[in-house]
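Work through the exercises below with the model open. Try each task before reading its solution.

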Amino acid sequence: MAKLCCVDYGFECEFAVDTENVSELIEKFAKHTTDEHGIEYSQEALMQFMIRKHNSTRFEDAYLQVS
Ligand SMILES: [Zn+2]
């Protein structure tokens, strides 16, 4: 299970994306931060957030498969 929450990145916001599909997760979160917060994160930046948060190579592996 992969998850990104706005609150984890310093936003006062309830938004969270929760999905098994890592590329979908990043796409949805990036769209939200761009639309709602005016901050455009690159896919690479979001991937780094997840890798740090979960401290796991699992997401890195998943990312390498989709890129
Ligand atoms: Zn938000």
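**Exercise 1. Compare the span of helix H1 with its expected span.**

Solution. H1 has 16 residues. From its first C-alpha to its last it reaches 21 Å. The expected span is 1.5 Å times one less than the number of residues. For H1 that expectation is 22 Å, and the span comes close to it. Helices here are DSSP runs of H or I with at least four residues, strands are E runs of at least two, and both are numbered from the N terminus.

A note on the model before going on. It is predicted: local features need pLDDT of at least 70, side-chain atom pairs count only at pLDDT 80 or more, and totals for chains, interfaces and linings use all residues. Residues are numbered from 1 along each chain as its sequence is written.

**Exercise 2. Find which residues of H1 are buried, and where they sit around the axis.**

Solution. Count the other C-beta atoms, placed from the backbone, within 10 Å of a residue's own: 20 or more means buried, 12 or fewer exposed, and in between partly exposed. In H1, Val22, Leu25, Ile26, Phe29 and Thr33 are buried. Next, look down the axis and take the directions from it to the C-beta atoms. The buried residues of H1 fall within an arc of 95°, so they line one face of the helix. On the other side of H1, Lys31, Thr34 and Asp35 are exposed.

**Exercise 3. List the largest nonpolar core and say which helix gives the largest share.**

Solution. A nonpolar core is a set of buried Ala, Val, Leu, Ile, Met, Phe, Trp, Tyr and Cys residues joined through C-beta atoms within 7 Å. The largest one has 8 residues: Leu4, Val22, Leu25, Ile26, Phe29, Leu46, Met47 and Met50. H1 and helix H2 (43-54) each supply at least two. The largest share, 4 residues, comes from H1.

**Exercise 4. Place Cys13 and decide whether it is buried, exposed or partly exposed.**

Solution. Cys13 lies in the loop between strand E1 (2-5) and strand E2 (16-19). Cys13 is partly exposed because it has 14 C-beta neighbours inside 10 Å. Leaving aside neighbours within four places in sequence, Cys13 is in contact (C-beta atoms, placed from the backbone, within 7 Å) with Cys6 and Val7.

**Exercise 5. Which element has the lowest mean pLDDT, and which the highest?**

Solution. pLDDT is the predictor's confidence in each residue, from 0 to 100. Helix H3 (residues 58-66) has the lowest mean among the elements, 60. Helix H1 (residues 22-37) has the highest, 94. The chain mean is 83, and 78% of residues reach 70 or more.

Note on methods: Contact = placed C-beta atoms within 7 Å.
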